[in-house]
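This report describes one protein model, part by part. Please keep the sequence and the structure in view while reading.

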Amino acid sequence: MVAVVGAAGSGKTHRLLVAGQRAAKAGGFHAFQGVAACRPDALVARLASTILAGCRLGGLDHALSAPKWYRSIVPLTRRSFLQGDPAADALDLARALNANAPAFLLLDDLHTLPISRATDAYIETLVTMRDHLDPGVLVAWSADARHFEGIVAREPRLLDEGVVPIRLAPLKDKEVGRLLAQRLATHRLADGVDPLYPFRSDAV
């Protein structure tokens, strides 16, 4: 498991997406979940759906003729955390990832999860799942640096032995300027314009 930690705009999400792109290019499996856009009580269900959508067997139409790990993960897509058991859910999710190795599970913005029973169940599922993963499966999650210690305080196993923390330094002004100029360049209708226009360096 890898923890990608940094301030807003330091490239946490970008690095997870690049990891997913490289996995796909190499013929591996990857599943990306942005937890900020998901209700806490649907986190495990959404995670199962994300894994299911990317696995090599395709959609739910294949569930009846699929392997056991596939049939086990399908019910997870249709229930709330109140109906699940973190230990059992973790085992089913781990089996799915192991079966699709090499596999990357990429979880973005864990710091946006509210303090709730649903969040606790989701994190319990993640840390338990890690114990069942085979070599060739990587789980990476990102969090804002300001909230990182609070997340780990709630669940110390997110950063225990075997978890590699990657701390990203904040972007420098020149780096931000280059990124902004690259974004603006795709929308330029005229040449010879200041790369940062309509912004100025002090605004950057």
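Where does threonine 77 lie?

## Threonine 77

The model is a predicted one. In it, threonine 77 sits in a loop, with helix H3 (68–73) on one side and helix H4 (86–99) on the other. Its side chain reaches the backbone oxygen of valine 74, at 2.7 Å. When neighbours within four places in sequence are left aside, the contacts of threonine 77 are Ala45, Ala48, Ser49 and Leu52.

## Overall layout

Seven helices and five strands make up the secondary structure of the protein. Their order along the sequence is β-α-β-α-α-α-β-α-β-α-β-α. Along the principal axes, the C-alpha atoms fill a box of roughly 60 × 40 × 30 Å.

The protein has 204 residues, and buried residues make up 40% of them. Among contacts with a separation of 6 or more, 71% are between residues 24 or more positions apart.

## Nonpolar cores

The largest nonpolar core contains 46 residues. Within it, the residues with the most contacts are Ile51, Leu97, Leu107, Tyr122, Met129 and Trp141. Helix H2 (residues 43–54) gives the largest share of this core, six residues. Apart from it lies another core, of six residues, including Val2, Leu16, Leu106 and Ala140.

What does leucine 107 touch, beyond residues up to four places away in sequence? The list consists of Leu16, Gln33, Leu47, Tyr122, Leu126, Val139, Ala140, Trp141 and Ser142. Of these, Tyr122 and Trp141 are also named, with Leu107, among the residues that have the most contacts inside the largest core. Leu16 and Ala140, in turn, are among the members of the six-residue core.

## Leucine 106 and valine 164

Leucine 106 belongs to strand S3 (residues 103–108). Is leucine 106 buried or exposed? Its relative accessible area is 1%, and the cut-off for buried is under 20%, so leucine 106 counts as buried. Sequence neighbours within four places aside, leucine 106 is in contact with Leu16, Ala19, Gly20, Ala31, Phe32, Gln33 and Ala140. One of these contacts spans a long stretch of chain: leucine 16 is 90 residues away from leucine 106 in sequence, while their C-alpha atoms are 6.2 Å apart in space.

Valine 164 is placed in strand S5 (residues 164–168). Its relative accessibility is 44%, between the 20% limit for buried and the 50% limit for exposed, so valine 164 counts as partly exposed. Not counting residues up to four places away in sequence, valine 164 touches Met1, Val2 and Ala3. Valine 164 and alanine 140 are 24 residues apart in sequence, with 9.2 Å between their C-alpha atoms.

## The largest pocket and serine 10

Which residues line the largest pocket? They are Gly9, Ser10, Gly11, His14, Arg15, Leu171, Leu179 and Arg183. By class, this lining has two nonpolar, four polar and two charged residues. Helix H1 (12–25) and helix H7 (173–185) each supply at least two of the lining residues. The space in the pocket comes to about 220 Å³.

Serine 10, one of the lining residues, lies in the loop between strand S1 (2–6) and H1. At a relative accessible area of 4%, serine 10 is buried. A polar atom of its side chain lies 2.6 Å from the backbone oxygen of alanine 7. Leaving out residues up to four places away in sequence, serine 10 touches Arg15, Leu168, Ala169 and Leu171. Arg15 and Leu171 also appear in the lining of the largest pocket.

## Backbone exceptions

Most residues other than glycine have a negative phi, and most peptide bonds are trans. Some places in this model depart from that pattern.

The peptide bond from alanine 101 to proline 102 is cis, with omega near 0°. Proline 102 is in the loop between H4 and S3. Tyrosine 197 and proline 198 are also joined by a cis peptide bond, with omega about 15°. Proline 198 is in the segment after H7.

Aspartate 109 is not a glycine, yet its phi is positive, about 65°. Aspartate 109 is located in the loop between S3 and helix H5 (117–130).

Terms used:
Residues numbered from 1 in each chain as written. Predicted model: local features only at pLDDT ≥ 70, side-chain atom pairs only at ≥ 80, totals over all residues. Heavy atoms only, no water. Core = buried A, V, L, I, M, F, W, Y, C linked by side-chain atoms within 4.5 Å. Buried < 20%, exposed > 50% of the residue type's maximum accessible area, 1.4 Å probe, protein only. Helix = DSSP H or I, 4+ residues; strand = E, 2+ residues; numbered from the N terminus. Contact = heavy atoms within 4.5 Å. Polar contact = N/O pair within 3.5 Å; in protein donor to acceptor, adjacent residues only side chain to side chain. 1 Å grid on protein atoms, 1.4 Å probe; cavity = no way out; pocket = protein on both sides within 12 Å on 5 of 7 lines; lining within 4 Å. Points joined across faces, edges and corners; volume = space filled by probe spheres on them. Nonpolar A, V, L, I, M, F, W, Y, C, P; charged D, E, K, R; others polar.
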